[in-house]
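Visitor: I'd like to learn how to read a protein model. Could you walk me through this one, feature by feature?

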Amino acid sequence: MLKITTLSENTVDAMGLLGEWGLSVLVETDTANILMDAGQSLSAGHNASVMGIDLSKVDKIVLSHGHSDHTGGLQNVLRQMRKKVEVIAHPDVWTAKYSGQREDKRKDIGMPFLLKDLESLGASFKLSREPVRITDNIMTTGEVPMVTDFEQITPNRFYVKGKSGWQSDELLDDMALIINTKSGLVVVLGCGHRGVINTLYHSQKLIGRKEVRMVIGGCHLINASAERVHMTIAALKELDVQKVGMSHCTGLPASAMMAQELGERFFYNNACTQIDITDTEIKVD
Ligand SMILES: [Fe+2]
Ligand SMILES: [Fe+2]
């Protein structure tokens, strides 16, 4: 059994749910239930309740990176879980992170909690730069090497404060979740800051197989050039990805271009989207 439900996204596809800039995706399998990100504030927990999903069944939380639109819902989600839970993330999720070109207008977009506050709600952090194996078939990517010549971290946008002042944030904490199914890989992205294609190449290498059945989540193409979007689509075609479920920071123009180019392979993955994956079929509701 592999079932993926998006709990929080910028947009919703059902009455009674909340849309919120950010992402949270629940992955359920026979061996483990994993929550990838927690959305920005209240939406993941609220939407889980409305959808009748009991978050106490979550075994592990994975954080795709430290940005608050993926981590800001942690406190609320942990309160709803009422249990001890391991949180797998890169050490840089605890680095102060900022967004904005102008120094005087930079906004704090890092993890909005202290470690002790999350620990008091049951979280225990497992920090790793390397991939972390969760079950025989599920692992995180760890740091994603940037190998394509058309993918880059959005310039002049994300910063950290280093010893010598402001520095571009290389988003080393950006990682994805890989599920190795019998018929190929399923990859869940958070923001895909280091590039969706880089992430897929890295996933193929880590698992040692080529077939990519599905990729879902944010691709951070929201400010990307049309050229980069076209090259991304060409690479998705070359990889022969069977289903592409875009969300969040992929942005509307890039998502529309993908919908046009990928036809039935494309779907918009927003809050309430439920994906049932068998060995032969991917069913999107
Ligand atoms: Fe994001
Ligand atoms: Fe992000």
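Visitor: Let's begin with strands. How many bridges join β1 to β2?

Guide: Here's the general idea: strands of a sheet pair through backbone hydrogen bonds, either parallel or antiparallel. In this predicted model, β1 and β2 run antiparallel and are joined by six bridges. To find a matched pair, look at T5, which stands opposite L26 in β2.

Visitor: Which strand besides that one pairs with β1, over four bridges?

Guide: That's β18, residues 274–277, and the pairing is antiparallel. T5 turns up again here, with Q274 as its bridge partner in β18.

Visitor: Why is β1 described as largely enclosed by the rest of the structure?

Guide: You count neighbours. A residue is called buried if 20 or more other C-beta atoms lie within 10 Å of its own. Six of the seven residues of β1 are buried, so the strand is largely enclosed by the rest of the structure.

Visitor: Can we try a helix next? Which residues of α1 are buried?

Guide: First the general idea: an α-helix has 3.6 residues a turn, so residues three or four places apart point the same way. In α1, the buried residues are S43, A44, G45, H46, N47 and A48. That is six of the eight residues of α1, so this helix is largely enclosed by the rest of the structure. They pack against β1 (2–8), β2 (24–29) and α3.

Visitor: How do α1 and α3 sit against each other, and at what angle do their axes cross?

Guide: The axes of α1 (residues 43–50) and α3 (residues 74–81) come within 7 Å and cross at roughly 35°. A44, G45 and A48 of α1 make the contact with N76, V77 and Q80 of α3. Sorted by class, that contact has three nonpolar residues, three polar ones and no charged ones.

Visitor: What follows α1?

Guide: G52 does, and its phi is positive, near 75°.

Visitor: Now a whole sheet, please. What is the strand order in the open sheet of seven strands?

Guide: To read a sheet, go from one edge to the other. Here the order is β9-β10-β13-β14-β15-β16-β17, with mixed pairing. The edge strands, β9 (133–135) and β17 (266–268), each pair on one side only. Ignoring direction, neighbouring strands of this sheet are turned by 15° against each other on average.

Visitor: Which helix packs on that sheet?

Guide: Helix α5, residues 196–207, does: it touches β10, β13, β14 (184–188) and β15 (212–218). Its direction makes about 135° with that of β14. For a closer look inside the sheet, take β10 (residues 138–140) and β13 (residues 177–181), which pair in the antiparallel sense over three bridges. There, T140 stands opposite L177 in β13.

Visitor: What about the core? Which residues have the most contacts inside the largest nonpolar core?

Guide: As a general rule, in soluble globular proteins, nonpolar side chains tend to be buried together. The largest nonpolar core here has 70 residues, and those with the most contacts inside it are V27, L177, V187, V188 and V215. Try V187: leaving aside neighbours within four places in sequence, V187 is in contact with A176, I178, T199, L200, S203, V212 and V215.

Visitor: And is D108 buried or exposed?

Guide: Count again: 12 or fewer C-beta neighbours means exposed. D108 has 12 inside 10 Å, so it counts as exposed. You'll find D108 in strand β7 (residues 107–108), and it touches A96 and Y98, not counting residues up to four places away in sequence.

Visitor: Which sheet does β7 belong to?

Guide: An open sheet of four strands, ordered β7-β6-β11-β12 with antiparallel pairing. β7 and β12 (165–168) are the edge strands, each pairing on one side only. Two bridges link β7 with β6 (residues 97–99), and K107 in β7 is the bridge partner of S99.

Visitor: Last one: how do I judge the overall shape of the chain?

Guide: Compare the radius of gyration with that of a compact globule. With 285 residues, such a globule would have a value near 19 Å, and the chain has 17 Å, which agrees. Buried residues make up 49% of the chain, which holds seven helices and 19 strands.

Technical notes: Residues are numbered from 1 along each chain as its sequence is written. Chains are lettered from A and ligands numbered from 1 in the order in which they are written. This is a predicted model: local features need pLDDT of at least 70, side-chain atom pairs count only at pLDDT 80 or more; totals for chains, interfaces and linings use all residues. Axes are lines fitted to C-alpha atoms, for helices over the stretch in contact, and angles run from 0 to 180 degrees between N-to-C directions. Two residues are in contact if their C-beta atoms, placed from the backbone, lie within 7 Å. Ala, Val, Leu, Ile, Met, Phe, Trp, Tyr, Cys and Pro count as nonpolar, Asp, Glu, Lys and Arg as charged, and the others, Gly among them, as polar. Two strands pair if DSSP finds at least two bridges between them. A nonpolar core is a set of buried Ala, Val, Leu, Ile, Met, Phe, Trp, Tyr and Cys residues joined through C-beta atoms within 7 Å. The radius of gyration is taken over C-alpha atoms; the globule rule is 2.2 Å times the number of residues to the power 0.38.
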